[in-house]
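Student: I'm new to this one and would like a close look at a single part. Could you pick a spot on the inside and walk me through what surrounds it?

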Amino acid sequence: MRTRTAEWFETKVQYEKTMEDGMQKKVKEQYVVDALSFTEAENCITEEMSSYISGEFDVVDIKKASYKEIFFSEEENADRWYKAKLQFITIDEKTEKEKRSNVYYLVHAATLPGAVKNIDTVMGGTMIDYVIASIVETAIMDVFEHQSK
């Protein structure tokens with residue numbers, strides 16, 4: 001398992017895709033890019049997608065991701081991205097009451113149980129008490145990390 005903390009942007013790209021039956025269909029696909037601004041995110045996804053898509057495409061949406069850290073799986077069959085909401089549990093020293101704070105992560109895995117395992121692998125190496133509040137599979141196709149030139 002490898003993790004990466006950065007400023008992530010979720011982007012949507014629309015283009016004409018050739019389907020298995022040979023027909024052309026307009027599709028929207030979601031990708032995540034590592035960037036410092038909306039402009040850099042648009043440039044990054046345009047550069048990345050131009051090597052995959054022959055023909056025209058449009059970047060139709062860019063928004064800041066709610067997560068700052070991504071857990072990358074080393075499994076070959078890991079082809080799905082899950083958004084996980086973890087609650088970190090702390091005790092307020094004055095009131096002695098339990099406090100939970102929500103933190104979001106993007107997790108790479110082949111299956112939902114695999115995503116839970118990946119979370120436990122990464123978080124097991126920390127001293128933080130946590131519970132997994134929710135995990136949902138996303139429509140994200142891929143994550144593009146910033147490449148130094």
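Tutor: Sure, let's settle on Phe 71, which sits in strand E5, residues 69-72. Keep in mind as we go that this is a predicted model.

How buried or exposed is Phe 71? Its relative accessibility is 0%, so Phe 71 counts as buried, the cut-off being under 20%. Now look at what touches Phe 71, skipping residues up to four places away in sequence. From the start of the chain come Met 1, Arg 2 and Thr 3. Further along you'll find Trp 81, then the run Tyr 105, Leu 106, Val 107 and His 108. Asn 118, Ile 119, Val 122 and Met 123 complete the list. For a sense of distance, try Glu 7: Phe 71 and Glu 7 are 64 residues apart along the chain, and their C-alpha atoms are separated by 14 Å.

It helps to step back and see the whole chain for a moment. The chain has 2 helices and 9 strands, and reading along the sequence gives the pattern β-β-β-α-β-β-β-β-α-β-β. Its C-alpha atoms fill a box of roughly 60 × 30 × 25 Å along the principal axes. Of the 149 residues, 36% are buried. Contacts that reach across the sequence are well represented: among contacts with a separation of 6 or more, 67% are between residues 24 or more positions apart. On the outside, the chain exposes about 9,500 Å², with carbon and sulfur atoms supplying 47% of that. As for charge, there are 19 positive and 28 negative ones, and their mean positions are 6 Å apart.

Back to the inside. In soluble globular proteins, nonpolar side chains tend to be buried together. Here, the largest nonpolar core has 14 residues, and those with the most contacts inside it are Val 13, Val 33, Ile 45 and Met 49. Strand E2 (8-18), strand E3 (24-34) and helix H1 (38-50) each supply at least two residues of this core. The largest share, 4 residues, comes from H1. So where does Phe 71 fit in? Apart from that largest core lies another one, of 13 residues, and Phe 71 is among them, along with Tyr 82, Ala 109 and Ile 119. You've met Ile 119 already, as one of the residues that Phe 71 touches.

For contrast, visit the largest core through Met 49. Leaving out residues up to four places away in sequence, Met 49 touches Val 13, Tyr 31, Phe 57 and Phe 144. Follow that to Phe 57, which is in strand E4 (residues 57-64). Phe 57 is buried, with a relative accessible area of 19%. Beyond its neighbours within four places in sequence, Phe 57 is in contact with Val 13, Gln 14, Tyr 15, Thr 46, Met 49 and Ser 50. Ala 35 gives you a yardstick here: Phe 57 and Ala 35 are 22 residues apart in sequence and 20 Å apart in space, C-alpha to C-alpha.

Among those partners, Gln 14 deserves a stop. Gln 14 is in strand E2 and counts as buried at 18% relative accessibility. Besides Phe 57, Gln 14 touches Lys 26, Val 27, Lys 28, Asp 58 and Val 60, again setting aside residues up to four places away.

Now return to Arg 2, one of the residues Phe 71 touches, and use it to reach Glu 145. Glu 145 lies in the segment after strand E9 (140-144), and at 18% relative accessibility Glu 145 counts as buried. What does a buried Glu 145 touch? Outside its neighbours within four places in sequence, Glu 145 is in contact with Arg 2, Arg 4, Trp 8, Asp 34 and Phe 72. Side chain to side chain, Glu 145 makes a polar contact of 2.9 Å with Arg 2 and another of 2.7 Å with Arg 4. As for Ser 66, it is 79 residues from Glu 145 in sequence and 17 Å away in space, C-alpha to C-alpha.

Let's finish on the surface, at Glu 96. Glu 96 lies in the loop between strand E6 (80-91) and strand E7 (98-109). Its relative accessible area is 65%, so Glu 96 is exposed, the cut-off being over 50%. Its backbone is worth a glance too: Glu 96 has a positive phi of about 60 degrees although it is not a glycine.

How values were computed
Residues numbered from 1 in each chain as written. Predicted model: local features only at pLDDT ≥ 70, side-chain atom pairs only at ≥ 80, totals over all residues. Heavy atoms only, no water. Core = buried A, V, L, I, M, F, W, Y, C linked by side-chain atoms within 4.5 Å. Buried < 20%, exposed > 50% of the residue type's maximum accessible area, 1.4 Å probe, protein only. Contact = heavy atoms within 4.5 Å. Areas by Shrake-Rupley, 256 points an atom, 1.4 Å probe, with all protein chains shown as cover. Lys, Arg positive; Asp, Glu negative; His and termini not counted. Charge placed at Lys NZ, Arg CZ, Asp CG, Glu CD. Polar contact = N/O pair within 3.5 Å; in protein donor to acceptor, adjacent residues only side chain to side chain.
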